[in-house]
Amino acid sequence: MKLFDVYPLNNIAITRALGSYVWDDHGVQYLDMYGGHAVISIGHTHPHWVKRIEEQLEKIAFYSNSVLIPIQQQLADKLAQVSGKEDYQLFLCNSGAEANENALKLASFHTGRKKIVAFSKSFHGRTSLAVAVTDNPSIVAPVNETEHVIFLPFNDVDALNTCFQKEGDHIAAVITEGIQGVGGINVASDAFLKAIRSLCDEHGAVFIADSVQCGYGRSGHFFAHDAAGIQADIYSMAKGMGNGFPIGGILIAPHIKPKHGMLGTTFGGNHLACAAALAVLEVIEQENLISMAKQRGMYLMNQLKSIEGIEHVRGKGLMIGFDVPEHLKGLKKKLLTDHNVFTGEAKPNVIRLLPSLALSRKQADEFLDALKESIQELLQNEG
Ligand SMILES: Cc1ncc(COP(=O)(O)O)c(C=O)c1O
């Protein structure tokens, strides 16, 4: 049977991983500055994470949400403590798209309204509502097209004000990433996030903070939106939550009340996923990874800004992007093939760095050296 061909692939098979390194089937070592698409939060195959999953596997991997699953409550308690969102409620699912799908649906149930405000260059996932609020028509199937979504320019407070003046009574939710990932590492301004908060309050709409990529400590705050000093009504989470074990979830503010039948899932919140997610939070806490991400990110950003050739270095914590000018367009490929460094990208010309939050200073330097050498090599080839 053939695999359905939906991804352009690097011709590399990763068979082993530890911390910020991965190895291919020939034993070649790579530095992972991509974190498997921002998923690796505490480092690949962290021993505490492996131990917790193994111990859970010996007991029980899965039973449905028709019985008590005490490890869900343990996870909720730890998440409340580490995120500081003590009075929020937790709903567990399996992925980022599913988290946003549930967030949007819940906002509509809660308000009885249908309109959703989303922003240019947003990415929220590939399920029906999540893709409908994603600003990329090429991934929206005809059946997912809807008139319920209003797209506004990102970081534009005036456009937001005008939209709420006209449509305020119909708006169920505003959804935004704190730092746009797929869109190319664009940081939401504090003024923009504050305006969303006050307009949602004024008009009774739900503020959904998509924290699937920028959340879980990556930005140097637990949620990137926290930097603006605001509280969203719903936070969606996934990627870093399980460090590679599939799990997603939403944190729901106390004024949004649950009703049986409103949301549901077969696999969400299973024993094994909760064990993985609990291990992640324990390691984030024990190893102080949120402040590590902040410090290491500042170091990387400062160093990157002094490198000639790359442009517009931006981001927060370990969610960093920079533009690659046309004459260096082979940079990402060169880093991988000649220097064994994985990085991420965003179309058309952005390199995205999304390493483990436990990236060491030595590993950051290793990346910076590889980057400088790659740029020199490309310039030499040019000349
Ligand atoms: C901000 C954001 N939201 C949602 C998603 C969708 O997550 P998933 O691929 O787990 O469905 C992504 C994935 O890249 C994302 O970056």
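## Helix H4

Helix H4 is followed by Gly112, a residue whose phi is positive, near 70°. This structure is a predicted model. H4 itself covers residues 96–111. Its length can be checked with simple arithmetic. At 1.5 Å a residue, the 16 residues of H4 should span 22 Å. The C-alpha atoms at its ends are 23 Å apart, which agrees.

Is H4 enclosed or not? Of its 16 residues, 12 are buried, so the rest of the structure largely encloses this helix. The buried residues of H4 include Gly96, Ala97, Glu98 and Ala99 at the start of the list. Asn100, Glu101, Asn102, Ala103 and Leu104 are buried as well. Leu106, Ala107 and His110 complete the set.

## Around the ligand

H4 also matters for the ligand shell. This helix gives the largest share of that shell, 3 residues. There are 14 residues around the ligand. Which of them come nearest? They are Gly96, Ala97, Gly125, Val212 and Gln213. Two of these names, Gly96 and Ala97, also appear among the buried residues of H4.

The shell is mixed in character. It divides into 5 nonpolar, 7 polar and 2 charged residues.

## The whole chain

Now step back to the full protein chain. It holds 11 helices and 17 strands. Its radius of gyration is 21 Å, close to the 21 Å that the globule rule gives for 383 residues, so the chain is as compact as a globular protein of that length. The C-alpha atoms fill a box of roughly 60 × 55 × 45 Å, taken along the principal axes.

Buried residues make up 48% of the 383 residues. Contacts tell us how the chain folds back on itself. Take those between residues at least 6 apart in sequence: 74% of them join residues at least 24 apart.

## A four-stranded sheet

Strands of a sheet pair through backbone hydrogen bonds, either parallel or antiparallel. One open sheet here has 4 strands, in the order S1-S2-S3-S15, with mixed pairing. Which strands lie at the edges? They are S1 (14–18) and S15 (341–342), and each pairs on one side only.

Look at the pairs inside this sheet. Strand S2 (residues 21–24) runs antiparallel to S3, and 3 bridges join them. Trp23 stands opposite Gln29 in S3. S2 and S3 form a hairpin with 4 residues between them. In the turn, Gly27 has a positive phi of about 85°. On to the next pair. Strand S3 (residues 29–32) pairs with S15 in the parallel sense, over 2 bridges. Here Asp32 stands opposite Phe342 in S15.

## Backbone details

Two residues other than glycine have a positive phi. For Ala38 the value is near 70°. For His312 it is near 50°. Ala38 is found in helix H1 (residues 35–38), while His312 is found in strand S13 (residues 311–316).

Are these two residues buried or exposed? A residue counts as buried if 20 or more other C-beta atoms lie within 10 Å of its own, and as exposed if 12 or fewer do. Ala38 has 27 such neighbours, so Ala38 is buried. His312 has 12, so His312 is exposed.

One peptide bond also deserves a look. A cis bond joins Lys347 and Pro348, with omega about 0°. Where does Pro348 sit? Its place is in the loop between strand S16 (344–346) and strand S17 (350–353).

## Thr337

Thr337 lies in helix H10 (residues 331–339). It counts as partly exposed because it has 14 C-beta neighbours inside 10 Å. That number falls between the two cut-offs, 20 or more for buried and 12 or fewer for exposed. Thr337 and Ile40 are 297 residues apart in sequence. In space, their C-alpha atoms are 22 Å apart.

Technical notes:
Residues numbered from 1 in each chain as written. Predicted model: local features only at pLDDT ≥ 70, side-chain atom pairs only at ≥ 80, totals over all residues. Near = placed C-beta within 6 Å. Nonpolar A, V, L, I, M, F, W, Y, C, P; charged D, E, K, R; others polar. Rg over C-alpha atoms; globule rule 2.2 N^0.38 Å. Contact = placed C-beta atoms within 7 Å. Expected span 1.5 Å × (residues − 1). Pairing = 2+ DSSP bridges.
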